[in-house]
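Reader: Please take a close look at a single part of this model, the sheet shared by the two chains. I would like the criteria stated along with the values.

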Amino acid sequence: MKYKDYYEILGVKRDAGADDIKTAYRKLARKYHPDVSKEKDAEAKFKEMAEAYETLKDPEKRAAYDQLGSHTPGQEFRPPPDWNQQFAQGQGGFEDIDLESLFAGLGRRQGRAGARAADYPMAGSDYEAVVRLSFTQAFHGTEIDLELSTLEWSPDGGARRVPHRVKTRIPRGVTNGEKLRVPGKGGKGVNGGPDGDLYLDIEVADHPVYRMAGKDVYIDLPLTPWEAILGTSVKLPTPAGAVTLKVPPGTRVGQELRLSGRGMTRGSGAAGHLYAVVRIEVPTVVDDREKALYKELSETSNFNPRAHFEQEAA
Amino acid sequence: MSPAPIEDAMYIDAFAEVTWSQIVSASGLPESELRELVRYGALVPQNPEAPTWTFEARSLVVARTASRIRHDFELDPHAVSVVLCYLERIERLEAELRALRAERG
């Protein structure tokens with residue numbers, strides 16, 4: 001079993017009082033709790049500090065932890081010979097167990113005040129996992145393999161960490177920040193209790209061309225000035241395949257050309273839309289012939305985009 | 001060896017509505033505290049006068065978030081309801097921001 005220094009994780013001394021431990025945890029939780037934090041790796045950091053606090057806030061668990069001695073974090077160690085009898089009521093060996101599982105098991109035993117777990121049907125825990133998808137996977141749906149490491153409880157109240165794999169079909173049309181539920185794929189129920197559910201937090205990576213806004217999808221449509229003025233037809237990529245888009249004459253920059261129902265599609269519900277946002281690009285290098293034509297146009301055209309400035313100035 | 005079965009992940013809103021017992025089970029919070037959250041308006045039954053409450057499917061997520069912040073921040077149900085209100089507002093603003101960014105590129 002690898003050692004974790006719970007005091008170091010919370011940034012307190014080994015002889016810190018209960019209030020100091022609570023304050024240190026609360027300060028860190030405010031910064032790293034995944035529901036409120038945008039810090040990088042907030043979830044992993046919070047998990048670590050929550051594990052440390054769960055043990056150190058409980059006097060009995062803290063005493064048991066202190067009896068493990070002080071080791072270098074990450075170092076393999078074994079509890080002292082009499083530790084098991086003193087704190088874990090003779091729970092089995094320390095193989096396949098980590099520090100978190102060890103103290104979680106301890107908590108359950110204490111909480112049950114000696115009653116046997118066999119007397120109670122207990123629902124399995126719900127699990128949560130972050131799933132990162134590409135835009136294409138989110139749009140079309142995909143299958144993923146999730147490797148979960150979960151705590152499972154034995155009838156005698158002991159805990160052990162169990163790796164398990166869940167192959168999951170993600171439906172098409174999931175959006176950023178969405179939560180999905182996989183019924184019955186959380187922790188195993190004990191003594192006939194129902195299994196927990198697995199919740200998936202969806203994160204969709206940025207795509208170089210498409211931008212997702214809920215069910216709608218946006219794409220930039222670069223046009224030349226003359227295409228915007230005269231109108232044109234362009235071959236436009238869409239997540240479901242290229243289409244020909246007719247650009248009407250007199251199209252302005254920033255205008256959104258809507259392709260109905262070509263956004264994210266889910267189940268039998270209404271599909272989102274695809275918006276092509278017009279950008280007008282100008283050539284930075286022009287040859288003499290082009291320059292002459294632009295000059296002629298400037299002398300011929302009455303178009304004045306700053307007419308309202310003149311009214312203001314008058 | 002037979003291939004591992006594929007489990008279907010479901011949209012939360014694929015469930016038209018959820019029952020009170022589903023909310024209790026998903027949150028892991030005591031019923032008394034969940035009733036307080038209903039009193040403070042953090043969880044809204046579809047028909048508060050009905051003998052058995054049902055909720056919009058999204059309430060499952062709200063109840064689970066409530067449980068997390070209740071436990072992790074050691075807050076009482078009233079404080080939980082205030083935090084939930086702010087989180088919902090942040091979520092809405094973030095969605096608006098995402099939409100604006102997508103629109104503007």
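Author: Two strands count as paired if DSSP finds at least two bridges between them; strands (E, at least two residues) and helices (H or I, at least four) are DSSP runs numbered from the N terminus. By that rule, strand 1 of chain A and strand 5 (residues 198–204) of chain A pair in the parallel sense over seven bridges. Within this pairing, V130(A) has D201(A) as its bridge partner. This is a predicted model, in which local features need pLDDT of at least 70 and side-chain atom pairs count only at pLDDT 80 or more, while totals for chains, interfaces and linings use all residues. Residues are numbered from 1 along each chain as its sequence is written, chains are lettered from A and ligands numbered from 1 in the order in which they are written, and side-chain values use heavy atoms, with hydrogens and water left out.

The sheet crosses between chains: strand 4 (residues 179–182) of chain A pairs with strand 2 of chain B in the antiparallel sense, over two bridges. There, L180(A) is bridged to Y11(B). The full order is 1(A)-5(A)-4(A)-2(B), an open sheet of four strands with mixed pairing. Strand 1 (127–133) of chain A and strand 2 of chain B stand at the edges with a single partner strand each, so one side of each has no neighbour in the sheet. Helix 3 of chain B packs on the sheet, in contact (heavy atoms within 4.5 Å) with strands 1, 4 and 5 of chain A. The direction of helix 3 makes about 115 degrees with that of strand 1 of chain A, using lines fitted to C-alpha atoms, for helices over the stretch in contact, and angles from 0 to 180 degrees between N-to-C directions.
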